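Visitor: Please take one part of this model and go through it closely. I would like the cut-offs spelled out as you go.

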Amino acid sequence: MIEHRDAGESTLTMRNYACTKCGNKVYFENVTCLACRSALGFDDALLTIVALEPADEPALFRRVAAGGSASVRYCANAKHAACNWLAAAGDGNGLCRACDLNRTIPNLAEPGSLAAWQELERAKKRLVYSLLRFGLPLESRPAGSGWLAFDFVRDATTGHQDGLITIDLLEADAVERERQRQLFGEPYRALLGHLRHESGHFYWTLLVEEVGLLDDFRALFGDEREDYGTALARHHAEGPRPDWQERHVSAYASAHPWEDWAETWAHYLHIVDAVDTADVEGMEPRSQGLSFGALWPFQRTDVYRGEPFATLMSRWIPLSTALNSLSRCMGHGDFYPFVIPGPAYDKLAFVHDVIRRSS
Ligand SMILES: [Zn+2]
Ligand SMILES: [Zn+2]
Ligand SMILES: [Zn+2]
């Protein structure tokens with residue numbers, strides 16, 4: 001007998017797509033409910049979209065039927081249509097928890113910068129949402145102190161250094177991104193993919209190096225003491241290792257153990273977010289490979305916190321296959337244009353365990 005938890009029981013940890021005033025389906029980026037016209041905002045404490053009603057003071061709101069009596073306001077970046085998250089009414093800089101991580105935003109006086117930044121923020125919100133769902137440390141501290149921060153700038157090299165993630169604004173240009181994708185022979189290139197990848201470098205230090213998991217890491221990914229600059233130069237000059245498809249989630253992952261980790265981390269985040277979203281949308285195909293006695297329909301666990309790795313993958317494989325078919329019938333390429341070989345599966349399991357240990 002399969003037991004299902006009450007839908008309401010896990011409201012605070014499961015992605016909730018309903019307007020808290022009228023119950024209409026809403027989405028992560030929405031600012032208005034199309035049914036009842038309520039203002040909507042994302043509450044980073046409840047990790048959900050909530051309906052808002054005006055409070056006594058201008059620009060302040062109360063959350064409708066979502067608990068918490070304190071007034072809230074929109075993040076200061078809402079005025080640029082760059083954010084729909086909420087900030088506490090008394091917050092000094094008026095920024096939400098995600099925008100507070102920004103160290104540099106583009107010069108909005110330059111043509112094209114606003115649209116690029118809005119797209120970057122949309123992708124960053126999804127990353128920060130996932131990090132919060134995992135319960136990972138996410139501190140907003142003065143930049144340079146090693147905590148997570150973002151620079152969104154022009155003519156920069158996309159990358160990570162001591163907690164600072166830099167994204168070149170050009171990556172928000174769809175034409176340029178596609179040109180780069182083809183230039184590097186990548187099957188997939190997306191802002192969210194960059195952000196997830198770069199965040200992996202940050203969390204490697206916190207969740208692997210600083211907690212004494214280097215031996216376990218090296219047994220799977222190789223020795224990261226291999227000279228990083230030389231390894232990347234070799235990758236760019238000679239291309240990926242010939243056997244990369246047997247050991248890595250992507251060609252770039254074969255460049256250096258740190259890149260392997262960051263690529264694997266990004267894929268783990270892709271997978272968890274996709275399975276969680278499919279769960280909420282009620283669109284998972286029945287797995288062909290479920291062993292006798294496996295649960296179907298799957299129990300509604302919090303995919304970010306409660307799902308065993310093997311179960312997560314037993315959901316992801318049929319889901320990604322189905323999504324690839326759907327994508328192809330619209331004439332697009334594969335939704336998930338990757339094959340996960342055995343060693344990469346083990347690396348994903350390691351990422352899973354490392355995240356679980358910390359949250
Ligand atoms: Zn509504
Ligand atoms: Zn914000
Ligand atoms: Zn990297």
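Guide: The zinc sites come first, then their surroundings.

This is a predicted model, where local features need pLDDT of at least 70, side-chain atom pairs count only at pLDDT 80 or more, and totals for chains, interfaces and linings use all residues. Residues are numbered from 1 along each chain as its sequence is written, chains are lettered from A and ligands numbered from 1 in the order in which they are written, and side-chain values use heavy atoms, with hydrogens and water left out.

Start with confidence. The mean pLDDT (the predictor's confidence in each residue, from 0 to 100) of the protein is 89. A value of 70 or more is reached by 90% of the residues. Residues 1-13 fall below 50, and this stretch has 15 contacts (heavy atoms within 4.5 Å) beyond near neighbours in sequence. Where pLDDT is low, predicted coordinates should not be read in detail.

Now the zinc ion (ligand 2). Its protein donors are Cys75 (SG), Cys83 (SG), Cys96 (SG) and Cys99 (SG), at 2.2 to 2.3 Å. Donors are N, O and S atoms within 2.8 Å of the metal (3.2 Å for Na, K and Ca); water is not among the atoms, so sites may look incomplete. The 4 donor atoms subtend angles of 107 to 114°, which makes the arrangement tetrahedral. Four donors earn that label if all angles lie between 85 and 135 degrees. The ideal angle for four tetrahedral donors is 109.5 degrees. Along the chain, the donors of ligand 2 follow C-x7-C-x12-C-x2-C.

Look at the burial there. Cys75 and Cys83 are both buried (under 20% relative accessible area; exposed is over 50%, partly exposed in between; 1.4 Å probe, protein chains only). Ala78 sits in the loop between strand 4 (72-74) and strand 5 (86-88). Strands are DSSP runs of E, at least two residues; helices are runs of H or I, at least four; both are numbered from the N terminus. Ala78 has 25% relative accessibility, so it counts as partly exposed. Ala78 and Cys96 are 18 residues apart in sequence, and their C-alpha atoms are 9.7 Å apart.

Next, the zinc ion (ligand 3). It is coordinated by His197 (NE2), His201 (NE2) and Glu259 (OE), at 2.0 to 2.1 Å. The donor spacing of ligand 3 is H-x3-H-x57-E. His197 in helix 3 and Glu259 in helix 7 are 62 residues apart, and the pair links distant parts of the chain. His197 counts as buried because its relative accessibility is 7%. Glu259 counts as buried because its value is 1%.

Helices 3 and 7 also meet helix 9. The buried residues of helix 9 pack against helix 3 (191-209) and helix 7 (257-281), with helix 1 (113-134) and helix 8 (309-328) also among their partners. Those buried residues include Ala344, Phe350, His352 and Ile355. Helix 9 (residues 342-358) has 17 residues; at 1.5 Å a residue it should span 24 Å, and its end C-alpha atoms are 25 Å apart, which agrees. The expected span is 1.5 Å times one less than the number of residues.

Finally, the whole. The protein has 9 helices and 9 strands. Buried residues make up 47% of its 359 residues. Among contacts between residues at least 6 apart in sequence, 57% join residues at least 24 apart.

Key
Four donors count as tetrahedral if all angles lie between 85 and 135 degrees; four count as square planar and six as octahedral if opposite donors are over 155 degrees apart and all others between 65 and 115; anything else is irregular.
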